[in-house]
Amino acid sequence: MEHCLLADPLQIAQQNMLLSYTSLARGVGNTTIHVDEAGTWVTSSHPLSFCHFTAGFSRNSDPARDDKLLQLSNNPNGHWVFVCDGPNPSGLKSHFLNLGFTCRQSLVTMMSTEPGEVTPLLSEALSPEARSDISGFMANQFFLNLGHPSRRLVSRATARSSHRLLTIANPEEITGAMMITDCQDSLGLYNLCVEESYRYQGLGSMLVQSAKELAYRKRIPLILQCQPKLVRWYESLGFSEIGFLHALHRGREKFRDII
């Protein structure tokens, strides 16, 4: 089965990331999303990184854009810029560093076009109650360093988003889960997590293999971003490194929410 790689892999990854983050921003509510020739702009009254960011840049130097970014970064939550190596103009990361942004995290972007295997234990959350349960589980796994109000906002945004939420079926408790972003040219794997007492039993690999097979059946690649320490694990599951996603922030130094 041939896969549809209609654009540069990093361009595909950036489009998936933008769809993922903007859908979460819509889910939290009271958020403005604006797209123009300079990029995609997201602003909100909520103190979450996916509510205050700009990405999808079309050029390196743009004084009007830079002035707007600096103005937005002066609000109490600051502002993020997300830069993917490859589809953006060259030198953007250095340009934003010179503007006073700080690189808070660099995630490795990876891709797989291999088949996987969907486990019969895979279950998708379809009801509002089930989506709320899985979203709360994910928020508690990834954002324990945030206060309860912010975790509740992340959970609400995830539950209300357009993304698919899948878990390993267990009638007693949620043992592992993942979020899938369905884009035209790719599937995105986000928020892969396993409850601590169930780790190192193959549940994470089972979820990843299921995501690979879902993408393979649609003849599109599976995209993800991960911390560098997880690269070898994902390579063992059939993924290849294609670049980096840099998250840069300007504003309040103690801001902890990084997607």
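Is His46 buried or exposed in this structure? His46 is buried, with a relative accessible area of 15%, and that value falls under the 20% that marks the limit for a buried residue. The structure is a predicted model, and the report below begins with the surroundings of His46 before turning to the chain as a whole and then to several other residues.

**His46 and its surroundings**

His46 sits in the loop that runs between strand E2 (39-44) and strand E3 (53-55). Leaving out residues up to four places away in sequence, His46 touches Val28, Gly29, Asn30, Thr31, Cys51, His52, Asn77, Leu153 and Arg156. With Gly29 there is also a polar approach, since a polar atom of the His46 side chain lies 3.2 Å from the backbone oxygen of Gly29. His46 and Ser150 are 104 residues apart in sequence, yet their C-alpha atoms are 8.6 Å apart in space.

**The chain as a whole**

The chain is built with seven helices and eleven strands. Its radius of gyration is 18 Å, close to the 18 Å that the globule rule gives for 259 residues, so the chain is as compact as a globular protein of that length. Measured out along its principal axes, the C-alpha trace spans about 55 × 40 × 30 Å. Of the 259 residues, 52% count as buried, and the accessible surface of the chain comes to about 12000 Å², of which 49% belongs to carbon and sulfur atoms. Among the contacts between residues at least 6 apart in sequence, 73% join residues at least 24 apart. As for charge, the chain has 23 positive and 24 negative side chains, and the centres of these two sets lie 7 Å apart.

**Four residues in helices and strands**

The table gathers the place and the relative accessibility of four residues, which are then taken up in turn.

| Residue | Place | Relative accessibility |
|---|---|---|
| His246 | strand E11 (residues 240-250) | 6%, buried |
| Ile180 | strand E8 (residues 176-182) | 1%, buried |
| Ser20 | helix H1 (residues 9-28) | 0%, buried |
| Thr102 | strand E5 (residues 102-112) | 36%, partly exposed |

For His246, the side chain forms a polar contact of 2.7 Å with the side chain of Ser106. Ser106 is also one of the residues that His246 touches once those up to four places away in sequence are set aside, and the others are Val81, Phe82, Val83, Asp85, Lys93, Cys103 and Gln105.

Ile180, when its neighbours within four places in sequence are left aside, is in contact with His163, Arg164, Leu166, Leu187, Gly188, Leu189 and Ala211. Ile180 and Gly251 are 71 residues apart in sequence, and from C-alpha to C-alpha they are 31 Å apart in space.

Ser20, which belongs to helix H1, touches His163, Met179, Thr181 and Tyr190, again not counting residues up to four places away in sequence. His163 therefore appears in the list for Ser20 as well as in the list for Ile180, where a contact means heavy atoms within 4.5 Å.

Thr102 counts as partly exposed because its relative accessibility of 36% lies between the 20% limit for buried and the 50% limit for exposed residues. Not counting residues up to four places away in sequence, Thr102 touches Leu97, Ala247, Leu248 and His249. Thr102 and Leu192 are 90 residues apart in sequence and 26 Å apart in space, C-alpha to C-alpha.

**Two residues with a positive phi**

Most residues other than glycine have a negative phi. Which value of phi does Asn191 have? Phi of Asn191 is near 55°, a positive value in a residue that is not glycine. Asn191 is found in strand E9 (residues 187-194), and at 24% relative accessibility it counts as partly exposed.

Arg219 also has a positive phi, of about 65°, although it is not a glycine. Its place is in the loop between helix H6 (203-217) and strand E10 (222-226), and at 39% relative accessibility Arg219 counts as partly exposed.

Note on methods
Residues numbered from 1 in each chain as written. Predicted model: local features only at pLDDT ≥ 70, side-chain atom pairs only at ≥ 80, totals over all residues. Heavy atoms only, no water. Helix = DSSP H or I, 4+ residues; strand = E, 2+ residues; numbered from the N terminus. Rg over C-alpha atoms; globule rule 2.2 N^0.38 Å. Buried < 20%, exposed > 50% of the residue type's maximum accessible area, 1.4 Å probe, protein only. Areas by Shrake-Rupley, 256 points an atom, 1.4 Å probe, with all protein chains shown as cover. Lys, Arg positive; Asp, Glu negative; His and termini not counted. Charge placed at Lys NZ, Arg CZ, Asp CG, Glu CD. Polar contact = N/O pair within 3.5 Å; in protein donor to acceptor, adjacent residues only side chain to side chain.
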